[in-house]
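Trainee: Got a minute to go through this model with me? I'd like to start with the charged residues and then move on to the fold.

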Amino acid sequence: MIDLEIVKEPICHALGKNEVQPESSIHLAYKIDSGKKIGSNITVNEGLCSLVGFSPSDFKQADYFLLDEINNNAQIIELSDLSSDYKDCMKATKDFDNEDLTYAQMILKNKDKAKDFVHTKIWSEVISEFKNKWFGSIAIIERYCRKINFSNDLSYSFLIVLKNSQDPYELEIISRKLKGMVRHQIKVVNTKNLDKSLLIKIS
């Protein structure tokens with residue numbers, strides 16, 4: 001029997017550049033991945049991935065999850081700092097909106113086609129990373145459920161938690177881009193807004 005208590009911890013971002021302590025929340029969740037940098041130390045506590053018998057290299061995986069067995073719901077939680085990726089994507093998009101069609105000329109001098117290229121190709125790298133973590137995390141959670149003889153079908157949702165420094169407008173843009181990623185519920189929030197977005201609260 002796997003005890004989720006041993007993978008329960010405060011929801012916490014990885015240590016960012018120039019940070020002494022990582023941005024974190026008072027709320028708890030169950031860790032999926034293994035190893036998280038905190039200050040100058042690295043914790044090597046196992047996440048659920050290792051506990052159910054997978055190697056961390058087998059899948060891309062999100063950071064945390066919450067499980068509501070009573071209502072057959074699971075929430076996958078990924079903490080991310082998308083600021084640089086977002087700026088790269090938005091810069092390319094704005095370039096196509098300007099009079100200088102340098103990028104557009106690379107694609108048959110067709111501005112609409114060039115803009116479509118940004119949306120489908122450049123943004124796809126960001127979206128693909130989340131998509132792989134989504135499916136990898138589901139595989140891990142489903143194996144856990146089999147090991148505890150929980151046979152009900154779960155409904156999954158995806159919560160992406162960006163740092164508090166991310167602009168609310170950027171959150172909305174990113175959220176719209178990710179909506180088409182999977183047909184399930186997906187939400188993008190800042191760390192400070194976690195309280196209203198968690199599937200359940202655990203202690």
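Trainee: Is Lys133 buried or exposed?

Mentor: Lys133 counts as buried, because its relative accessibility is 15% and the cut-off for buried is under 20%. Keep in mind that this is a predicted model.

Trainee: OK, and which side chain does Lys133 meet in a salt bridge?

Mentor: That would be Glu78, at 2.7 Å from N to O. Glu78 sits in strand E6 and Lys133 in helix H4 (residues 111-147), so the pair ties together parts that are 55 residues apart in sequence.

Trainee: What about Glu78, buried or exposed?

Mentor: Buried, with a relative accessibility of 3%.

Trainee: Which residues are in the salt-bridge network with those two?

Mentor: Lys60 and Glu129 are linked with Glu78 and Lys133 in a network of salt bridges.

Trainee: How many salt bridges are there in the structure?

Mentor: Seven. One of them joins the side chains of Glu9 and Lys31, at 3.6 Å from N to O. Glu9 is in strand E1 and Lys31 in strand E2, 22 residues apart, so to speak a link between distant parts of the chain. Both Glu9 and Lys31 are buried.

Trainee: And which residue does Lys163 pair with?

Mentor: Lys163 meets Glu19 in a salt bridge, 3.3 Å from N to O. Lys163 is in the loop between E7 and H5, while Glu19 is in the loop between E1 and E2, so this pair ties together parts 144 residues apart in sequence. Lys163 is buried, with a relative accessible area of 8%, whereas Glu19 counts as partly exposed at 25% relative accessibility.

Trainee: Now Glu23. Where is it found?

Mentor: Glu23 is in the loop between strand E1 (8-12) and strand E2 (24-31). Glu23 is buried yet has no salt bridge.

Trainee: Which side chain of opposite charge is nearest to Glu23, and how far away is it?

Mentor: Lys163, 5.9 Å away. A salt bridge needs the nitrogen and the oxygen within 4 Å, so Glu23 and Lys163 don't make one at that distance.

Trainee: So what does the side chain of Glu23 reach?

Mentor: The backbone nitrogen of Asn164, at 2.8 Å. Leaving aside residues up to four places away in sequence, Glu23 touches Cys12, His13, Leu162, Lys163, Asn164 and Thr191.

Trainee: Switching to the fold. What order do the strands of the sheet come in?

Mentor: It's an open sheet of six strands in the order E1-E2-E5-E6-E7-E8, with mixed pairing. E1 and strand E8 (185-190) stand at the edges with a single partner strand each, so one side of each has no neighbour in the sheet. From one strand to the next, the twist averages 35°.

Trainee: Does anything pack on it? I mean, which strands does helix H5 touch?

Mentor: Helix H5 (residues 168-179) packs on the sheet and touches E7 and E8. The direction of H5 makes about 160° with that of E8.

Trainee: How do E1 and E2 pair, parallel or antiparallel?

Mentor: Antiparallel, over four bridges. Lys8 stands opposite Tyr30 in E2.

Trainee: Back to E6, where Glu78 was. Why is that strand described as largely enclosed?

Mentor: Seven of the eight residues of E6 (residues 73-80) are buried, so the rest of the structure largely encloses it. E6 pairs with strand E5 (residues 64-68) in the antiparallel sense over five bridges, and Asp68 stands opposite Asn73 in E6. E6 is also joined to strand E7 (residues 155-162) by eight bridges, and those two run parallel. There, Ile77 stands opposite Leu159 in E7.

Trainee: What's between E5 and E6?

Mentor: Four residues, and the two strands form a hairpin. Asn72 in the turn has a positive phi of about 60°.

Trainee: Last one: what does Leu28 touch?

Mentor: Leu28 lies in strand E2. Not counting residues up to four places away in sequence, Leu28 touches Lys8, Glu9, Pro10, Ile11, Leu66, Ile202 and Ser203. The C-alpha atoms of Leu28 and Tyr64 are separated by 9.2 Å, with the two residues 36 apart along the chain.

Methods
Residues are numbered from 1 along each chain as its sequence is written. This is a predicted model: local features need pLDDT of at least 70, side-chain atom pairs count only at pLDDT 80 or more; totals for chains, interfaces and linings use all residues. Side-chain values use heavy atoms; hydrogens and water are left out. Buried means under 20% relative accessible area, exposed over 50%, partly exposed in between (1.4 Å probe, protein chains only). Lys and Arg count as positive and Asp and Glu as negative; His and the chain ends are not counted. A polar contact is a pair of N or O atoms within 3.5 Å; within protein, one must be able to donate a hydrogen and the other to accept it, and residues adjacent in sequence count only if both atoms are side-chain atoms. Contact means heavy atoms within 4.5 Å. Two strands pair if DSSP finds at least two bridges between them. Axes are lines fitted to C-alpha atoms, for helices over the stretch in contact, and angles run from 0 to 180 degrees between N-to-C directions.
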